[in-house]
Amino acid sequence: MPEIYDLILHNINLASMSEEDSYGELRNAVICIKNEQIAAVFSADDPSIKQLETNESIDGKGLWVTPGLIDCHTHLIYGGNRVSEFEMRLNGASYEEIANNGGGIVSTVKATRESSKSELFESAAKRLSYLIDEGVTSIEIKSGYGLDLETEKKMLEVAQQLDQFSPVEVSKTFLGAHAVPVEFKGRADEYIDVVCNQMLPQLHSLGLIDCVDAFCESIGFDLTQTKKVFEAAKELNLPVKLHAEQLSDLDGSKLASEYKAWSVDHLEFLSVENIQHLKESGTVATLLPGAFYFLSETKLPPIEALRQEKVPIALATDSNPGSSPCLSILLMLNMATTFFKLTPLEALKGITVNAAKAINRAHEIGTVEAGKQADLVMWDIQSPAELSYRIGGNPCQLVIKKGKIVLDKRH
């Protein structure tokens, strides 16, 4: 008796992203979905497809299908905005000058502390809708605009609500070590003790943390302080990530590699020497072209050296109010190819298979293969490279999450 599938997609061109040096293209493909998973992938020439039975089928009419896209580094939950600082930068102030004078992250902290949970949920859900509209099916969201237990908890609870009530899966990252709050000005070590001894264990006990992050930078926290955070995470068996080498080289990526971090992110000032540490630890290099663009940076990440060592390269929006107010994952593809000179294949891998590695979900998502979760996007394009080629316009036609249609723009 033939197996009955929940959904079958046919007459499609597939970019499975399951092969190392290609898109994993399969023309005139058939994808069978059952119990939220990809049950089988066939060529339409396979004689066994004549025996397939399904409750629902979709004729792709020759459109392309990719894995659901993954935005593996965002700060999507926050109060207010930083339009005034954008204007200040254009009048000559640097990002560091703004931060050192009470602006930057600290100004968003004030607005976030003053926002209710419902206000934060509503604004974040609206931002998330733009990403879903471009095929994002999984996302990482960081806290870090609270810098006190109450507000960090509020942010992570909103991330949990988004996971429960939106059609995407949310990986929740605790970023208490994002900046020194005003009440601890000049007492960074004391604040780190609060992060490690109070915030982290209490929030973990509530089940609100999937990963722990820190901002290791001249305007953030030094290596010693970052290591304290990593040690506290290790004691709780929590994995880590790190903002590293964005504005200077503090060897944060080396430290992160020692703790087998899921990813190190930004990396404009990453040294060639530390790339070897990333390779050995299996840590993903996450590039954030939106911040590079928005801050008018000129120092490029060491792309060729990362390539040579075969370090997985992920891309993300870094969606945040101060340095990357970006709500377009597709724009990141174009920026990564034009600014960083990634190939279109490397860029698309950066928001699929490698982004899945950056949130430790590569065993479930990021490619279209039997046994993986049925997260799929259908595109009105002529080839996968077109996703990097376009500037503006949105060719996304259909989004499927765990085998269910969550967005349909075909009609």
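**Entry 1, cysteines.** I looked for disulfides first and found that the structure, which is a predicted model, holds zero of them. Cys72 is in no disulfide, and the nearest cysteine sulfur, that of Cys211, is 11 Å away. I then checked the surroundings of Cys72, which counts as buried at 0% relative accessibility. Cys196 is likewise in no disulfide, its nearest cysteine sulfur being that of Cys216 at 13 Å. With a relative accessible area of 12%, Cys196 is buried.

**Entry 2, the sheet.** I traced the strands next and wrote down eight of them in an open sheet, in the order E8-E9-E10-E11-E12-E13-E14-E15, with parallel pairing. Strand E8 (69-71) and strand E15 (313-315) stand at the edges with a single partner strand each, so one side of each has no neighbour in the sheet. From one strand to the next, I noted that the twist averages 25°.

I followed the pairing from the E8 edge, where three bridges join E8 to E9 in the parallel sense. The bridge partner of Leu69 is Val136 in E9. Between E9 and strand E10 (residues 169-177) I found five bridges, and these two strands also run parallel. Here Ile141 has Lys172 of E10 as its bridge partner. I asked myself how many residues of E9 are buried. Seven of the seven are, so E9 is largely enclosed by the rest of the structure.

At the other edge, strand E14 (residues 284-287) pairs with E15 over three bridges, again parallel. For Ala285, the bridge partner in E15 is Ile313. Which strands does helix H12 (residues 329-338) touch as it packs on the sheet? I listed E8, strand E9 (136-142) and E15 as its contacts, and the direction of H12 makes about 85° with that of E8.

**Entry 3, two backbone angles around E15.** I checked for positive phi values at residues other than glycine and stopped at Lys310, which has a phi of about 55°. Lys310 is found in the loop between helix H11 (303-308) and E15, and it is exposed, with a relative accessible area of 64%. I then came to Asp318, which has a positive phi of about 55° and is not a glycine either. Asp318 has its place in the loop between E15 and H12, but at 2% relative accessibility it counts as buried.

**Entry 4, nonpolar cores.** I looked up the largest nonpolar core and recorded 89 residues, with Ile77, Ile139, Phe174 and Val212 having the most contacts inside it. Helix H6 (residues 188-205) gives the most to this core, namely nine residues. I took Ile77 as the example to follow and, leaving aside neighbours within four places in sequence, found it in contact with a list of residues that includes Leu120, Ala124, Ile141, Met155, Val158 and Leu162. Arg127 and Tyr145 are also among the contacts of Ile77. I noted as well a second, separate core of 17 residues, which includes Leu14, Ala29, Ile33 and Met378.

**Entry 5, His204 in H6.** I returned to helix H6 for His204, which lies in it and counts as partly exposed at 27% relative accessibility. Not counting residues up to four places away in sequence, I found that His204 touches Ile209, Leu236 and Leu238. The C-alpha atoms of His204 and Leu238 are separated by 8.7 Å, although the two residues are 34 residues apart along the chain.

**Entry 6, helix H9.** I wanted to know which residues of helix H9 (residues 272-281) are buried. I found Asn274, Ile275, Leu278 and Ser281. Viewed down the axis of H9, these buried residues fall within an arc of 130°, so they line one face of the helix. On the face turned away from the buried side I marked the exposed residues Val272, Glu273 and Glu280. I then checked what the buried residues of H9 pack against, and wrote down helix H8 (252-258), strand E13 (263-266) and H11. Just after H9, I noted that Gly282 takes a positive phi of about 75°.

Notes
Residues numbered from 1 in each chain as written. Predicted model: local features only at pLDDT ≥ 70, side-chain atom pairs only at ≥ 80, totals over all residues. Heavy atoms only, no water. Pairing = 2+ DSSP bridges. Helix = DSSP H or I, 4+ residues; strand = E, 2+ residues; numbered from the N terminus. Axes fitted to C-alpha atoms, helices over the stretch in contact; angles between N-to-C directions. Contact = heavy atoms within 4.5 Å. Buried < 20%, exposed > 50% of the residue type's maximum accessible area, 1.4 Å probe, protein only. Disulfide = S-S within 2.5 Å. Core = buried A, V, L, I, M, F, W, Y, C linked by side-chain atoms within 4.5 Å. Arc of directions from axis to C-beta.
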